Every structure is written in C-alpha cells, then in structure tokens.
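I am opening a fresh notebook page for a structure that is new to me. My plan is to look up burial, the sheet, a helix and the charged pairs, and to write down what I find.

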Amino acid sequence: MPNATAGSIFDRQSNRIQEVLNKSLKVFLAGLDPVWRDNVVTSQGIGNSGDMGRDLKITKLFMGSLTGVIESGRSFGDQDLYGSGTSSLGPLMHQQSTSQAYPSPLEGPNATAYRLAVPMRSLVTNLMITLGEKQADATPALIDQVIAPKLTAFARNMAHTLCNYWYLSQNDSYRICGLSGTYVRSVSAATGPTGTSTSAYYQIKFNPSNQATHRFARGQRVDIVYSSGLRANDGQGTLANQKRSTRVQLVVENIDPLTNEVVLVTATDPVGFFASGGSAIGGTTTTTYAAVASLDSGYIVYANATINGSDVGSNTFVGIAGINSWLKNGFETATDATKLLGAESDSSDFIDVNERPEFKSFKYNVNGVLTEYNLKRYLQRVHSAFEPLGHTIDTLVASEGVWSAYESQKIGQYRIDRTNRVASITNEGQADGFSFSFEGKTYKGHTSRFVEQGTLYGIKLGGKNWKKYVPPSPAGMSKMSQADAYVPFEFVAGAITGTSTNQLPVYLTASTTAGQNANLVTQASQMPGRIRMQLVPDQVNGMKLTGITEDRVYMTSGNIP
C-alpha cells in the first residue's frame, strides 16, 4: 500500500487521518494575561481618528500654568471694602479722589500651550497556507480541520504579542527577559522525542531572569541580544543568533512554568552564539546539556526587533507603547529616558518630565517585603502628588510572588473565632481582584503572570483612561474572524491587488539562462497582514515599585520525592 511522501503535508498530518480516533482536536495555545484581558481591554477607550495628523502622529495639546493677577486689596487702600479716598472741603463738604484700585493686567502670566506628539506603531505579519493543507482540509478521513486551527493559533499569536507589549519596557530595549542558567544540547534525528521523525537540531534551555515564563509560548520567534560590550565570536555584532551577518532562526519549543524554564530550538549549531571562543556542540544524547555561561549576559527580544543588529540601545528597538513607555520618574539615565515614550518620543513635540513634573510617575525601590503599612505610605505619596492635578490611580498589578509575600507578613494578624462554635476555617486564600482602601480611595489589586519579578504597577484604568488609536483603513482591507475584537488586524492582499482575495502566490525565482530569471509556481500562498495601533493614556503618570521581596516556589530535582 503506497504511503504519503515523506515530509509532505499528508505525511505530517498522518496521525490525524485515522477514522478510528475521536473526531476532535485539542489545540493548546498560550493563555493571555487576565489583567490585560479582563481589565485593560475592557476599560480601553477608542481614540478619535481625527486626533491623528501628518505622519499618523497623535497630537495632544496641554496647558499647565495659572493666568491673571491676584494681589492683596490692602496694597490698594482696601478700596473694594471701603470705597475710594476723599479730601476735606471745609467742615460741610468733601471731595472724592481716585487712585489705582486693581493690579495691572499686564503683569499677569498667560499659559503657553504645548504639544505631545505620539508616533504610530505597527506590527507586520504573514502566514503561509499550501495547497496540500487545503486538500487535507477537504479529505473526509481527516479527524479535524487543518487550516482553522492554524488561523486560530495565528490570531492567538497576535493577541499574545500585544499583551506582552503592554508590559515590555522601551527603556529596556523591549526585552522579554534576561537569561540565566543557560544550557545547549544537540539532538540527532534518532534521539528526538518518541514517535517523531525529525532532522538533527539544537536546543537552548534557560531560566527567564525575571521569572515571567508566561511571556513565552510555543512557536514564538525570538532573538538573543548581547548586553553592551559583548560580541559574537565571529565579530558580527551584538545579535547573538547570527553567523556572518545572517540571522539564525530561533523559535520557542517548550515552556515549563513549574520550573521556570524555556527551551528554544534551532537547526543551526549555536557555536557562534557565544560571546568569546566556543566550539561546536557535540553529542547526540537526549539528556545532556552543556552550560553556556556567556549567554547569561544576554537577553531575549522578539525576532527582528532590532533596527540594526550590530547596535544595541533603546533607540534601536521600537514597539507599541505600554505602561513602561509612559511611566517616567526623571531619574532614568538612558538617552532621552526622561521623556514620555523615551527614545521613541517625537523630536519636536515631546514632554520631558523633569521640565514638566506634573507628568512624573512615582517609582520606588522597595528593597524588601511589601507590607500593608509601606503600601499605604507609597499610595499616600501618590495620592498627595496626583490629587491636586485631578489624577488618581485605581489598579495595582503585581507578580504572583509579590502578593504572596504581602499576604504572608499579615498571617500573624489573623484571628479565628471559635467561641462556642465548631472549628471552621472558611473563605481563606487570596482572591484575585481584591480591594485595598486608603484615604477614601479604593484600589483594585490583581495578579499578573506577565509582570516581571518583584514589581508592582499602579495605574489608572477607569474612565477609559487608556485609548487605542488605529488609523483608518483603505478600501480592500479585510479582518480575520478568529482575531480578538481589540486586535486591529487586517489582511492587505485585497488592497494591494484590488481584488477580494486575502492570499498572494509564493513564487520561487530561478535562473533559466544567462541574464534571465523565471518565477516558478509553488503550492504555497501567503497572507500578508498588519496591526497598526498605539496606546495613549489621558493620564500618563502612575506608580511603579521594584525590588520587592517575593515568595514563590518552583519545582526542582532536589525536592522531588
């Protein structure tokens, strides 16, 4: 009986084409941050497209000083209390005199308007679908669809990416995490996972230094960037996964939140990823990893996130603005870091928080456990500084370990009343979305698996404070039903071709004769698309606490029974 060609679509889908199996397919996809999904997204407002002008910049106008003249009436003889002066004209009459009764209007300051221009940002996408996949979709014996799950996973990729950008910091080069505990191993085709048939490949295993494991998902494309001063051993710059100026594909293969481990996979021997020296990775065992300490000095960013892989700095990374792009305290040391949006700020219409402190955010290194007393102190400073401006914060978002440590220091304050009652403990634990009240204000507390270790954010979500700005689309654009409503994604093929299709052919170019090329037809089609948006708050300032002692636990081999 003939079999499908090795490596073909039908061969890849052979496990599905068995009628005896249950005709349902469980697709495991990365979950979104509940804080982003249930709070940020639902609280978002839609920015007016009329606010976007030339170069698709969103321009906001501010005025920030008092006007007019106010002085003490005593300086002018209290004429507004007792009237103007008089002079005697004999015992029976008097004359009235007049003098300046009000201050000069020429001395009054007038508020000068100033502008903040916010540049638009975009993410560009593409998705390939082949004729073989479409034919497999049409095969009655197939357990489930092939293309629909692929589109669903593509939509979740977009949502997961936007969720990440909400927390990534522009001042930190939009790094997803730093590296620690990095190991590399080589896997041959014969020693791959059970039941698979693969070519030889290499794995890079590491621990996200910020313990934000959920920022990763299987199939996510990433790059490794060296910190300042380190270079790849072939002299090709600070982008680690490149050889002789050619970028090497790195994809997330597995994440393990139980141990805080992420595994990347590549088809290329990562010897060139080392900062200095290094030799080819040897061995074909399935368990042996070789330590690569030099990579611990690097960090992970999205694939092709750098404008120039040989230069590392905040201005070489761009992305959709999140809370860290707006929270500035004036003490940042990087170039342009004291400006709202940092190095991505507009060159003319920008706001430096040192020049306009009303836009400053409260940042503080706690350097210890976050206690209830200290949280009140920090909120009191924010409340005192923001309230005269009409500003507030209403939401506290922190990593899981922060809230666990916060609650652990309160255990000694609990009391269980058992007077004439059966011993009972109910309503224990730590509910998400708890409320914290202080000075007449109520703050909602949330746990986020995407927030970096030891960090708490205080922001304003109420009143549709955060606006999503999306440029208008030309005719011919089409949406994707699988994409979440808040993801402004659109396919561009229809607008490019002037047709109703979302797909364009994929051709291969081959030289037929000297000086002549031919476009060769393949069975693949591509679906280019884009996300154009920017997140802009009406109130930009908030609070960020770092250096908070955490209480969290990970599974290790030493504690396995």
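**Entry 1: burial, and a charged pair.** Before reading any accessibility value I note the cut-offs: a residue is buried under 20% relative accessible area, exposed over 50%, and partly exposed in between. I also note that what I am looking at is a predicted model. I then looked up Asp-223, which has a relative accessibility of 0% and therefore counts as buried. Its side chain meets that of Arg-247 in a salt bridge, with 2.7 Å from N to O. Asp-223 belongs to strand E10 (residues 222–226) and Arg-247 to strand E12 (residues 246–247), so the salt bridge ties together parts that are 24 residues apart in sequence. Arg-247 is partly exposed, at a relative accessible area of 22%.

**Entry 2: other salt bridges.** I keep in mind that side chains of opposite charge can pair when their charged atoms come close. How many salt bridges does the structure hold? I find 14 salt bridges. One of them joins Lys-57 to Asp-346, where the closest N and O atoms are 2.3 Å apart. Lys-57 sits in the loop between strand E1 (45–46) and strand E2 (58–62), while Asp-346 sits in the loop between helix H6 (323–326) and E17, so this pair ties together parts that are 289 residues apart in sequence. With 25% relative accessibility Lys-57 counts as partly exposed, whereas Asp-346, at 7%, counts as buried.

I looked next at Arg-115 and Asp-349, whose side chains meet in a salt bridge at 2.9 Å, N to O. This pair also links distant parts of the chain, since Arg-115 is in strand E5 (residues 114–118) and Asp-349 is in the loop between H6 and E17, 234 residues apart. Is Asp-349 buried or exposed? Asp-349 is buried, because its relative accessible area of 17% falls under the 20% cut-off. Arg-115, at 43% relative accessibility, counts as partly exposed.

**Entry 3: the six-stranded sheet.** I recall that strands of a sheet pair through backbone hydrogen bonds, either parallel or antiparallel. Here I traced an open sheet of six strands with mixed pairing, in the order E17-E27-E21-E18-E20-E19. Strand E17 (362–368) and strand E19 (434–438) stand at the edges with a single partner strand each, so one side of each is left without a neighbour in the sheet. On average, and with direction ignored, neighbouring strands of this sheet are turned by 20° against each other.

I then followed strand E21 (residues 456–459) and its partners. E21 pairs in the antiparallel sense with strand E18 (residues 395–398) over four bridges, and in the antiparallel sense with strand E27 (residues 543–548) over three bridges. What does Leu-456 stand opposite in E27? Leu-456 stands opposite Leu-545 there, and Leu-456 is also the bridge partner of Ala-398. Both faces of E21 are covered, with Leu-456 and Gly-458 buried on one side and Tyr-457 and Ile-459 buried on the other.

**Entry 4: helix H5.** I looked up helix H5 (residues 147–167), which has 21 residues and reaches 31 Å from its first C-alpha to its last, close to the 30 Å expected at 1.5 Å a residue. Why do I call this helix largely enclosed by the rest of the structure? The reason is that 15 of the 21 residues of H5 are buried. One residue that lies in H5 is His-160, which counts as buried at 4% relative accessibility. His-160 and Asp-33 are 127 residues apart in sequence, yet their C-alpha atoms are 8.4 Å apart in space.

**Entry 5: a nonpolar patch.** Last, I turned to the surface, where Leu-89, Leu-92 and Met-93 make a nonpolar patch of about 360 Å². Met-93 is found in the loop between strand E3 (86–88) and strand E4 (94–96). Met-93 is exposed, because its relative accessible area of 52% is over the 50% cut-off.

Notes:
Residues numbered from 1 in each chain as written. Predicted model: local features only at pLDDT ≥ 70, side-chain atom pairs only at ≥ 80, totals over all residues. Heavy atoms only, no water. Patch = residues over 30% accessible without salt bridge, like charges linked within 9 Å, V, L, I, M, F, W, Y side chains within 5 Å. Areas by Shrake-Rupley, 256 points an atom, 1.4 Å probe, with all protein chains shown as cover. Salt bridge = Lys/Arg side-chain N within 4 Å of Asp/Glu carboxyl O. Helix = DSSP H or I, 4+ residues; strand = E, 2+ residues; numbered from the N terminus. Buried < 20%, exposed > 50% of the residue type's maximum accessible area, 1.4 Å probe, protein only. Expected span 1.5 Å × (residues − 1). Pairing = 2+ DSSP bridges. Axes fitted to C-alpha atoms, helices over the stretch in contact; angles between N-to-C directions.
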